[in-house]
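Please open the structure in a viewer and keep the selection tool at hand. The stops below are meant to be taken in order.

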Amino acid sequence: MASIKYDHVWKRFGEVTVLKNLDLDIADGEFLVLVGPSGCGKSTALRCLAGLEEITEGRIFIGDRDVTDVPPKDRDIAMVFQSYALYPHMSVYDNMAFGLKLRRVPKAEIDRRVKEAAEMLSIGHLLDRKPKALSGGQRQRVALGRAIVRDPAVFLMDEPLSNLDAKLRVQTRAEISKLHQRLKTTFIYVTHDQTEAMTMGSRIAVMRDGILQQLDTPQNLYDHPANMFVAGFIGSPA
Ligand code: ADP
Ligand code: MG
């Protein structure tokens, strides 16, 4: 578990400034939703935290540790994307075990963690299958499972449900919330879907054009939006 701090973070790609002085404090064990229109910089914000992008200015902390210059593999973060990127030739079990094998985790420990995560996600009966024999929802669970087995301090989820149909989205949302309650790890959940944000987040960070507009509880965002953009965005259907 760990708190997270973006401290005056700027990110530029050449001439394009994508993150503009991002200041964000996320509490240990919090479920924070980062929401905003497509292209506003949500994925970039996550990728910077994960170390997949170098920031241009500012610092990033995980707990008390300044990770600004720490390589991704040493940040104790797991990230789940909308494209599941499972290895097609590997079974579900091997997909989930792969990262642990690379880290030379002992076989018995890998087995224990994979089975525990599979049970948590109700995919215990699918461990021998190849990804192509799974539904979209099942594949997304395997992707979640692959993150869970690593037992990271921080979970980052970048629009993980956007490839699922509406019914499955609602169901999987509830499961992710349950997962958070069970793991008690810090989650940052990115979405462009207002409904998803309002139902899942204990706090919501609203971003527009690389600038954080407001960070508050769903209720306070609704009752006291900081500006017209927040009011319009929160008030409009997805
Ligand atoms: P979001 O996830 O909110 O849709 P992104 O973080 O993916 O937004 O992108 C924000 C902006 O940064 C977009 O204008 C995008 O084109 C730009 N961007 C993202 N990654 C790169 C990159 N590697 N090189 C140049 N521009 C990028
Ligand atoms: Mg994105």
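The tour goes from the annotated domain to the ligand, and then to two groups of strands. Keep in mind throughout that this is a predicted model.

**Stop 1: the domain**

Select residues 4–234. In UniProt, an unreviewed entry gives this range the feature "domain: ABC transporter". Colour the range by secondary structure: 37% of the chain here is helix and 26% is strand. The C-alpha atoms at the two ends of the range are 25 Å apart.

**Stop 2: around ligand 1**

Select ligand 1 next. Which residues surround ligand 1? They are Phe13, Val16, Val18, Gly36, Ser38, Gly39, Cys40, Gly41, Lys42, Ser43 and Thr44. Two elements, β2 (16–26) and α1 (42–50), each supply two or more residues to this shell. Helix α1 makes the largest contribution, with three residues. Colour the shell by residue class to find six polar residues, four nonpolar ones and one charged one.

**Stop 3: strand β8**

Move to residues 186–191, which form strand β8. Is this strand enclosed or open? Six of its six residues are buried, so the rest of the structure largely encloses β8. Show the side chains to tell the two faces apart. Thr186, Ile188 and Val190 lie on one side, while Phe187, Tyr189 and Thr191 lie on the other, and all of them are buried.

**Stop 4: the partners of β8**

Add residues 31–35, strand β3, to the selection. Strands β3 and β8 run parallel and are joined by five bridges. Look for Phe31, which stands opposite Phe187 of β8.

Now add strand β7, residues 154–158, which pairs with β8 in the parallel sense, also over five bridges. Within this pairing, Leu156 has Ile188 of β8 as its bridge partner. To follow the connection, trace the chain from β7 through helix α5 (residues 166–183) to β8; this β-α-β crossover is right-handed.

**Stop 5: the open sheet**

Finally, select β2, β1, β4 and β5. These four strands form an open sheet in the order β2-β1-β4-β5, and their pairing is antiparallel. Why is one side of β2 and of β5 left without a neighbour in the sheet? Both stand at the edges and each has a single partner strand, so no strand of the sheet lies on the other side.

Zoom in on β4 (residues 57–62) and β5, which pair in the antiparallel sense over two bridges. One contact to pick out there is Ile62, whose bridge partner in β5 is Arg65.

Key:
Residues numbered from 1 in each chain as written. Chains lettered and ligands numbered in written order. Predicted model: local features only at pLDDT ≥ 70, side-chain atom pairs only at ≥ 80, totals over all residues. Near = placed C-beta within 6 Å. Nonpolar A, V, L, I, M, F, W, Y, C, P; charged D, E, K, R; others polar. UniProt positions renumbered as here; feature names shortened; annotations may be inferred. Buried ≥ 20, exposed ≤ 12 C-beta atoms within 10 Å, placed from the backbone. Pairing = 2+ DSSP bridges. Right-handed = clockwise from strand over helix to strand, strands pointing away.
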